[in-house]
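Let's take a walk through this one together, starting from a single pair of residues and working outwards. Have the viewer open as you read.

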Amino acid sequence: MGGYAKVKFLLFVIPFLIYYSAQAKTIHVGAKWEYKSVTAGIQAAKSGDTVLVDAGHYKEKNLIIRKSIVLKGLNYPVLDGEKRYQIVSVMAKGVVVDGFKITHSGISSLEDLSGIKIYDGHNVVIKNNILEDTFFGIFIEKGDNCTIENNRITAFNKAEQQSGNGIHCWQAKGMRIMGNTITGHRDGIYFEFVNKSFIKGNTSTNNIRYGLHFMFSNDDTYLSNVFSNNGSGVSVMFSNRIRMLYNSFLENWGDAAYGILLKEISDGYMEGNRFTKNTSAIYMEGANRIHMKKNTFQNNGWALKIQASCMGVVLERNNFIGNTFDVGTNGSLVLNTFKNNYWDKYEGYDLNKDRIGDIPYRPVSMFSMIVEKYPTAMILFRSFITTLLDKTEKILPSLTPENLKDNAPLMKKAF
Amino acid sequence: MKKIIKFVITDILRNRTMMVYTLFLLASSFSVFSLEDSNSKGLLSLLNIILIVVPLVSIVFSSIYVYNSAEFIELLVSQPLKRKSIWLSIFGGLAASLSIAFFIGAGIPVLIYQANMIGLTMILVGIMLSIIFVAIAMLAAVKTSDKAKGIGAVIMLWLYFSLLFDGLVLFLLFQFADYPIEKPMIGISALNPIDLSRIMILLQLDISAMMGYTGAIFKDFFGTYTGISFSIIVLLLWIVLPVWYSTHKFNTKDL
């Protein structure tokens, strides 16, 4: 369809839309209205109507929406799944679900019972809901241009198989996931085959497995999200052209926990992210052409674990402050570039006062190579002998990769 | 006994070496805190001082002091005093004065710049190490009556505890890398008070890195109350056992 045809199409469609919206009714549901149950209210509604639900406790079994309606709760009416049912199933386009408290869904790994499940949804909006004790929180099974906004999603199960994902998207595009808070689920936000989507301002904390987990999802943008205290941090795999800007990755602790795990990721861009107090802030394996700029790595165990399988990764103008180890690696092959970063462990000088150190900085210490091979050696960290080994290695590099160095380290913080 | 302790303390505190030691600690701790851009980095530099300088000064100074007061000790022995109380008073005096010197030299700057859990652990560990190495020095001094031999022995002991032991541990680590040696490592670390002290501080300083798999095993042990009490008890044993043994030796020694 060309531009002109599009305009013609719109000119044809808009009068119909106006006609329908003029016809739109508001249906009230509640103890003092004609319709006592939400199911009855929805049955009475036509596409384009608004169903307003008063506060109360509704046991609707599985509430199925097959019409393009606005379903709006006043003062958070409770939709209860009685620990047996899926609670809301959206099967139409343009549905809005707003302002409900959705609790106690059933648990079934076979059917993926959810608080709200969207089947093949277009332009569906799920906003301002509180989801508590649901197996999956909001589940999108094929979606296009949907908005998931300002929901608060909490689960309480401790075991991975007892808990689904907070926001789960499968085969979707153009999603907008904004301002949600997710706690206690298996994965906070889970994407599989989700493209061209925008994830902004979400907080994902204390989830059992990952705060954010995505695979095969290309061209997505992550902005200003906070991922903290998740069982294994954040894991992103097999995706291209991801942009991650101004996110915070905090306190993801454990041997298999990463601030962010980048596996088979290509052409990504990361700027302004903060990594604080993670065991490994970034773990990269098979990552290609990732550009990292102006990120802050502070008080991590390892700021960066970059495996020799990574290629074309560029790190520039990042701050590395107070990390136990700056960089760890597993081989001597280095196909990545480090330039103009600030390393607080840098001991060089700047004779010409151009704020760039005159001698290169080698972020991989000998002891970090030893620990990579013999993890138990961690017990000897900061002892006299290991300090001695590190110093000799700095002067005569033999174990550490020769080419892994920042040729132009900054003398002062990059920003 | 009190009188002897008091005498030993005043005698040591007037000693020029002790003044220099205190001033050195004071100068280095203030300079690391003011030169480094973050206080935690200062703490790291101070850690090296505590783990290397404090044991060295304690062990060498105490052994020399014991050798130099040989005549004074003989004089005391000729008095109607128990040998045990003479020996323990000298130990008490040395331990107290070295602890005071450490507290003034390093403790006060730490309290000024880093009055938190890490700082307090560091002060505790420093004082413990001072006392432990006094105890070891006295044991070495009572075992060898030749001064030159004795001082050589304590320097070797210091070298062993601060360097050679870790080298041995590293060697063992490489040799037994294929076995689950994390738990035996905890036991082995108890054999060296410097290592034990270092681990106690490490667990607070590098907590993020220690949360890795192996680190977590150490953390699970040393980070709990049982672990902390274990470490403190072991450190106390490092004081009590040498003191007890050296007192026993001194009791039966032909002066």
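**Starting from one bridge**

Find A:T26 and look across to its bridge partner in β2(A), which is A:T50. Keep in mind as you look around that this is a predicted model. The two residues belong to a pair of strands, β1 (residues 26-29) and β2 (residues 50-53) of chain A, joined in parallel by four bridges.

Now stay on β2(A) and look at where its side chains go. A:V51 and A:V53 face one way and are buried. A:T50 and A:L52 face the other way and are not buried. That fits a general habit: in a regular strand, side chains alternate between the two faces of the sheet.

Zoom out, and there's a lot more strand to see. Chain A has 39 strands along with four helices. Twelve strands of chain A make up an open, parallel sheet, running in the order β4-β7-β10-β13-β16-β19-β22-β25-β28-β31-β34-β37. Its edges are β4 (63-65) and β37 (325-328) of chain A, each of which pairs on one side only. Ignoring direction, neighbouring strands in this sheet are turned by 10° against each other on average.

Let's follow part of that sheet strand by strand. Begin at β22 (residues 212-215) of chain A, which pairs in parallel with β25 (residues 233-240) of chain A through four bridges. Here A:H213 has A:S235 in β25(A) as its bridge partner. Moving on, β25(A) runs parallel to β28 (residues 258-266) of chain A, and six bridges join them. Look for A:S239, which stands opposite A:I265 in β28(A). One more step takes you from β28(A) to β31 (residues 280-285) of chain A, again parallel, with five bridges. On this stretch, A:L261 is matched with A:Y283 in β31(A).

How does chain A look as a whole? Along the principal axes, its C-alpha atoms fill a box of roughly 85 × 55 × 35 Å. The domain assignment divides the chain into domain 1 (52-231), domain 2 (232-347) and domain 3 (366-399). The C-alpha centres of domain 1 and domain 3 of chain A are 47 Å apart. Of the 415 residues in chain A, 46% count as buried. If you take the contacts in chain A between residues at least 6 apart in sequence, 45% of them join residues at least 24 apart.

Now swing over to chain B, where the secondary structure comes to 11 helices and zero strands. The C-alpha trace of chain B spans about 60 × 45 × 30 Å along its principal axes. Is its overall build compact or extended? A compact globule of 255 residues would have a radius of gyration near 18 Å, and chain B has 19 Å, so the value agrees with a compact globule. Some 42% of the 255 residues of chain B count as buried. Among contacts in chain B with a separation of 6 or more, 78% come from residues 24 or more positions apart.

Finally, look at where the two chains meet. Chain A puts 25 residues into the contact, and chain B puts in 33 residues. On the side of chain A that touches chain B, the residues split into 12 nonpolar, 10 polar and three charged.

Technical notes. Residues numbered from 1 in each chain as written. Chains lettered and ligands numbered in written order. Predicted model: local features only at pLDDT ≥ 70, side-chain atom pairs only at ≥ 80, totals over all residues. Contact = placed C-beta atoms within 7 Å. Nonpolar A, V, L, I, M, F, W, Y, C, P; charged D, E, K, R; others polar. Domains from an automatic or database assignment. Pairing = 2+ DSSP bridges. Axes fitted to C-alpha atoms, helices over the stretch in contact; angles between N-to-C directions. Rg over C-alpha atoms; globule rule 2.2 N^0.38 Å. Buried ≥ 20, exposed ≤ 12 C-beta atoms within 10 Å, placed from the backbone.
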